[in-house]
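Thanks for taking a look at this one with me. Below are a few notes to help you find your way around.

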Amino acid sequence: MYKDLKDKVVIITGGNSGIGKATSERFGKEGSKVVINYLDHEEEAEAIVQSIKDSGSDAIAVQGDVSKEEDIMNLIQKAHEAFGRIDIMINNAGFEKPIPTHKTSLEDWSKVIDINLTGAFLGSREAVKYFLDQGIKGQIINTASVHDVIPWPNYVNYAASKGGLKLMMETMSMEYGKYGIRINNVSPGAIVTEHTREKFSDPTTRDETLEMIPLNEIGEADQVANINVFLASEEASYIHGTTIYVDGGMTNYPAFMGGKG
Ligand SMILES: NC(=O)C1=CN([C@@H]2O[C@H](COP(=O)(O)OP(=O)(O)OC[C@H]3O[C@@H](n4cnc5c(N)ncnc54)[C@H](O)[C@@H]3O)[C@@H](O)[C@H]2O)C=CC1
Ligand SMILES: CC(=O)C(C)=O
């Protein structure tokens, strides 16, 4: 538990499923006031709101597409109206779909860039504007991916979006550190979520994935949520402008020349 997170107001985009859901629930357990952005599946978002309220904290759900400027502005406004301030912005919403590069249409390219990179840019820009206006030493945490450094064949748009997110975060950290605004990325490796549980229960897929992970385990969404709350807490007050990899060691490229040893 991080006592300083009690009553902090946190926005989590794509907060109704997978890593976003685990993060929303974990902030709720910390006593934070949670603003859950969702694109669709309102019922999932409302169920998390209810469970956070049942546990004694507070939450709201706000529908919106992170790639739309007006939806991000509405998200910030709704959070402010509900709780009177915003302390932490977590740009977590993301989308991926494999396609060989030569078959990737402009529409395929733009969809992923618009959600994963432009969405995080809009969320970060509006959060920084809010923090500066209100004199809040707020924080931004982006969910990136090990594919911000590891190339990923057939996912050219995804790898470009996450690589871009890394330099976007680093650049913004240099601009806004002087205001006490901390900005970091959390980059997961292979994480089981409700959407990927079936894929990873296939023995071949599981074994192929484990070959790339020195810790020999596929991660869980809670293990990423743990790092999000740590980074947001005072315990991490000197961590700024960096990426924490939550990947069981995947970024050490164990499958390259000799495997895991
Ligand atoms: N699960 C994994 O193995 C890994 C996931 N990630 C990243 O973690 C983040 C969360 O992904 P997961 O929890 O795995 O998947 P997920 O599919 O459960 O969650 C993604 C969320 O983003 C939302 N979303 C998609 N487009 C949106 C839009 N235009 N506006 C608002 N919300 C939108 C979805 O509705 C969903 O709630 C993503 O950024 C993903 O790229 C990174 C590395 C590994
Ligand atoms: C989606 C993603 O980034 C991985 C590592 O699977």
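**Notes on the helix packing and the ligand shells**

1. A good place to begin is a pair of helices, H1 and H8, which lie oblique to each other. Their axes cross at roughly 50° and come within 8 Å. H8 covers residues 221-232, and H1 passes it in a right-handed crossing. Please keep in mind as you read that this is a predicted model.

2. Which residues bring H1 and H8 together? From H1 come Gly18, Ile19, Lys21, Ala22, Thr23, Arg26 and Phe27, and they meet Ala221, Asp222, Val224, Ala225, Asn228 and Val229 of H8. Sorted by class, the residues of this contact of H1 with H8 are 7 nonpolar, 3 polar and 3 charged.

3. H1, residues 18-29, also packs with H2, residues 42-54. Here the angle is about 20° and the axes are 9 Å apart. An angle under 35 degrees counts as roughly parallel, so H1 is roughly parallel to H2. The crossing of H1 past H2 is right-handed.

4. On the H1 side of that second contact you will find Lys21, Ser24, Glu25 and Gly28, and they meet Ile48, Ser51 and Ile52 in H2. The residues of the contact of H1 with H2 comprise 2 nonpolar, 3 polar and 2 charged. Lys21 is worth a look in the viewer: this residue is listed among those meeting H8 and also among those meeting H2.

5. Now to ligand 1, which is surrounded by 25 residues. Gly14, Gly18, Ala93, Gly94 and Ser145 are the closest. Which element gives the most to this shell? H1 does, with 3 residues. By class, the shell around ligand 1 holds 9 nonpolar, 15 polar and 1 charged residues.

6. Ligand 2 has Glu96, Ser145, Val146, His147, Gly189 and Ala190 around it. They divide into 2 nonpolar, 3 polar and 1 charged. Ser145 deserves a second glance, being part of the shell of ligand 2 and one of the closest residues to ligand 1.

7. Finally, stepping back to the whole chain, you can count 8 helices and 9 strands. The C-alpha trace spans about 55 × 40 × 35 Å along its principal axes. How does the radius of gyration compare with that of a compact globule? For 261 residues a compact globule would have a value near 18 Å, and the chain has 18 Å, so the two agree.

Methods. Residues numbered from 1 in each chain as written. Chains lettered and ligands numbered in written order. Predicted model: local features only at pLDDT ≥ 70, side-chain atom pairs only at ≥ 80, totals over all residues. Near = placed C-beta within 6 Å. Nonpolar A, V, L, I, M, F, W, Y, C, P; charged D, E, K, R; others polar. Axes fitted to C-alpha atoms, helices over the stretch in contact; angles between N-to-C directions. Helix = DSSP H or I, 4+ residues; strand = E, 2+ residues; numbered from the N terminus. Parallel < 35°, antiparallel > 145°, perpendicular 65-115°, else oblique. Left-handed = near helix turned anticlockwise from the far one by under 90°. Contact = placed C-beta atoms within 7 Å. Rg over C-alpha atoms; globule rule 2.2 N^0.38 Å.
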